[in-house]
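Reader: Hi! I'm in my first year and still learning how to read a structure like this one. Could you pick one spot where charged side chains meet, look at it closely with me, and then show me how the rest fits around it?

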Amino acid sequence: MADGAIFHLDVRTVSRSDGRSAVAAAAYRSASRLHDARTGLTHDFARKRGVLTTFIAAPDGCDWITDRDTLWNAAEAAEKRKNSTVAREWLVALPDALDATQRADLARALAVELAQRFGVAVDVAIHAASGEGDQRNHHAHLLTTTRTAGPDGLGDKTRVLDAAKTGGAEIYAMRAWWAGTVNDALAAAQSSARVDHRRIAVIAADARAEAEALEKQAKAVETLNAKPADAGGLWKGLGSAARAIWEGGMTALKSTAETANELREKANELRQKAARYTRATEPHHGPVLTAFLRRMAPVWAEQAKAEEARRAAQEAAQRALMAERAEQARKAKEASEAARRAATAARETEEARERCAREVLPLIRRARHDPITAEVIKREGIDLDRPDQQVARDPIWLMAGRQDQAHPVWLIVHAYTAARDRHANLLARIEAKTAAQIAAAAKPKPKPASPAPTEPEPDPDPPPRRDWGGPSGP
C-alpha cells in the first residue's frame with residue numbers, strides 16, 4: 001500500500017442505552033444546531049470547525065426529508081424503547097492522494113450505495129484533517145437511519161445489519177465494495193496508491209506467499225541464464241535448467257538476468273510490506289496525554305472495580321427479585337389449582353345434589369299421601385315438614401357422614417317402595433283372580449238340551465234277561 005491511501009471503514013451504532021441521541025450525533029458531525037423534540041434539548045455545534053461538506057442522500061420518493069432536523073427527529077420518534085438503536089455511523093477514510101472534489105465524489109458514491117442497498121437515509125459530513133494530528137487524515141462520517149426510508153416516512157428496521165448471521169457478511173461486502181471504489185478513484189486520478197480491505201494478517205500472509213513465488217521465479221531465471229561451468233557441469237546444468245523450466249515455465253526461459261534482479265526487488269518489497277503489517281504498532285500519545293493517562297489509570301481502575309461491584313450487586317438483586325417472583329408465581333399457581341379443585345368439587349357436589357333431587361322428588365310427593373312411605377323417610381332422619389325442594393336437597397339423601405349403609409338413602413327408600421309396590425300389585429292380582437273365580441262359581445250353569453228320541457237298533461247279542469222279582473209279563 002503506497003502513501004496517500006489508507007483503508008478504513010468502521011461501523012458503529014448510536015444507542016439510547018449509552019445515553020446517546022441521533023439528533024445530537026447529527027448536530028455534532030454536521031456542525032449544525034438541531035433541536036431534539038423527544039428530550040427538549042437543543043444541540044448547538046454550529047461553531048465547530050473542520051466540517052467541509054454536508055449533504056443528505058435518501059431513496060427515491062423521500063420528499064418529506066427536507067432538512068437534517070426533520071430527518072433525525074423522525075428517527076427518534078420512530079423508536080419507542082429506552083435502549084433502541086437510533087442511528088448507525090459509517091466512518092471512512094478518504095485518500096490524501098485525491099483532491100477535495102474527488103474525495104467528496106467518493107463519499108457521495110458511498111452514500112448512494114448505502115441508500116440503494118439498505119433503503120436508508122444517509123447524512124454525510126466530510127471532515128478535514130485535524131490541525132493537531134496527521135494532515136492526511138481526511139475522513140467522512142455517514143450517519144444512517146436504522147429503518148428504511150420511504151415516501152410515507154420511516155418503515156421497518158434494517159435487520160439484515162442487526163442479525164449476527166447476516167450483519168458481518170453485509171459489512172464485509174461493503175468493505176470490499178468501498179475498497180474497489182477507492183482503488184478505481186485512485187486509478188482514475190493516476191495515483192499508484194491502492195487500498196486493501198482485508199485483515200492485516202491476511203495481507204501479510206499473501207505478501208509473503210507472493211514474495212516466495214517471485215524468489216523462486218528469480219532463481220529459475222538465474223539458473224537458465226547461468227553457464228554450464230557455473231552450474232557444475234553440462235549434465236548438472238541441463239538438469240537444473242529442466243527443473244527451472246518446470247517451476248518457472250516458459251516465461252523464465254525467455255527472461256534475462258536483469259529480470260531476475262527485478263523479481264528479487266519486488267520480492268524484497270513484498271517481504272518488507274509483510275513485516276510492516278506483522279509488526280505490532282504501539283500508538284504514541286505525546287507527553288501530555290501520556291502523563292494524563294498514567295495519572296488517571298488508578299482512578300479508572302477504582303471506577304472499574306466500583307462499577308463491577310455495582311453491577312454484581314445489581315445482578316444479585318435481580319436474581320433475588322426473580323427468585324421472589326418465581327416463588328410468588330408458584331404460590332399463586334398452587335392457590336389457583338386449589339381454588340380450581342374446590343370449585344370442581346363444589347360443582348360435582350351440586351350436580352350430585354341436583355341428580356339426587358330429581359330422584360327424590362317423586363318419593364317426597366308420594367310420602368305426602370302415603371303415610372307408610374312418609375314413615376320410612378322419617379325413620380332415616382329426614383324432616384318432611386318443609387317444602388319439597390328443601391327436603392329434596394337434604395344432604396342425608398346422599399349418605400353424608402353415614403358409613404353403616406352401602407347405598408344412598410334415596411336408593412334404600414326406592415328399593416322399599418318398589419318392593420311394596422310389587423307386593424301390592426301381587427296382592428291385587430291375587431284378589432282379582434280370586435274374585436273372578438268366586439264370580440264364576442256363583443253363576444248358574446245352563447242345562448244341556450235333551451236330544452230327540454231315536455229308534456234303537458236291535459242288539460245283535462242281547463244280554464240274558466234277568467228276573468228282578470217284579471211282576472211277570474204275560
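Author: Let's begin with D370 and R366, whose side chains meet in a salt bridge with an N to O distance of 3.3 Å. Keep in mind as we go that this is a predicted model. You might expect a charged residue to sit out in the open, so check D370: its relative accessibility is 10%, and because buried means under 20%, D370 counts as buried. R366 also has another partner, as D421 forms a salt bridge with R366 in which the closest N and O atoms are 2.5 Å apart. D421 belongs to helix α12 and R366 to helix α9 (residues 287-369), so this pair ties together parts that lie 55 residues apart in sequence. D421 itself is partly exposed, with a relative accessible area of 30%. In general, side chains of opposite charge can pair when their charged atoms come close.

Elsewhere, salt bridges with shared partners join E307, E308, R310 and R311 into one network. The total count of salt bridges comes to 22. One of them is between D44 and R33, whose side chains meet at 3.7 Å, N to O. This pair links distant parts of the chain, with D44 in strand β3 (residues 42-44) and R33 in strand β2 (residues 33-35), 11 residues apart. D44 counts as partly exposed at 44% relative accessibility. R33 has a relative accessible area of 56%, and because exposed means over 50%, R33 is exposed.

Now back to the helix that holds D421. Helix α12 covers residues 409-442, and you can check its length yourself: at 1.5 Å a residue, its 34 residues should span 50 Å, and its end C-alpha atoms are 49 Å apart, which agrees. Buried residues in α12 are V409, W410, V413 and T417. Look at the spacing of those numbers with this rule in mind: an α-helix has 3.6 residues a turn, so residues three or four places apart point the same way.

Try the same check on helix α3. Its 19 residues should span 27 Å at 1.5 Å a residue, and its end C-alpha atoms are 27 Å apart, which agrees. Among the buried residues of α3 are R103, L106, L110, E113, L114 and F118. Just after α3, G119 takes a positive phi of about 70°.

What does α3 pack into? The largest nonpolar core has 31 residues, and W90, V92, L114, V122, V124, L142 and W178 have the most contacts inside it. Each of β4 (51-57), β5 (85-94), α3 (100-118), β6 (122-127), β7 (138-144) and α5 (164-188) supplies at least two residues of this core. The most comes from α3, which gives eight residues. To see one core residue up close, take V92: leaving out residues up to four places away in sequence, V92 touches H8, L9, L110, H138, H139, A140, L142 and W178. There is also a second, separate core of 18 residues, which includes L361, L363, I364 and A367.

Aromatic rings give us another kind of meeting point, and the count of aromatic pairs is two. Y28 and F45 form an edge-to-face pair, with 5.3 Å from centre to centre and 90° between the planes. Y28 sits in helix α1 (residues 22-30) and F45 in the loop between β3 and β4, 17 residues apart, so to speak linking distant parts of the chain. Y28 is partly exposed at 40% relative accessibility, and F45 is partly exposed at 29%. W90 and F118 form a stacked pair, 6.3 Å centre to centre with 25° between the planes. W90 lies in strand β5 and F118 in helix α3, so this pair ties together parts 28 residues apart in sequence. W90 is buried, with a relative accessible area of 1%, and F118 counts as buried at 8%.

One last thing to look for is a disulfide, and a search of the whole structure finds zero. As for cysteines, C62 is buried with a relative accessible area of 9%, and C356 is buried with 3%.

How values were computed. Residues are numbered from 1 along each chain as its sequence is written. This is a predicted model: local features need pLDDT of at least 70, side-chain atom pairs count only at pLDDT 80 or more; totals for chains, interfaces and linings use all residues. Side-chain values use heavy atoms; hydrogens and water are left out. Helices (H or I, at least four residues) and strands (E, at least two) are DSSP runs, numbered from the N terminus. The expected span of a helix is 1.5 Å times one less than its number of residues. Buried means under 20% relative accessible area, exposed over 50%, partly exposed in between (1.4 Å probe, protein chains only). A nonpolar core is a set of buried Ala, Val, Leu, Ile, Met, Phe, Trp, Tyr and Cys residues joined through side-chain atoms within 4.5 Å. Contact means heavy atoms within 4.5 Å. A disulfide is a pair of cysteine sulfur atoms within 2.5 Å. A salt bridge is a side-chain nitrogen of Lys or Arg within 4 Å of a carboxyl oxygen of Asp or Glu. Rings of Phe, Tyr and Trp (its six-membered ring) pair if their centres lie within 6.5 Å; planes under 30 degrees apart count as stacked, over 60 as edge-to-face and the rest as tilted.
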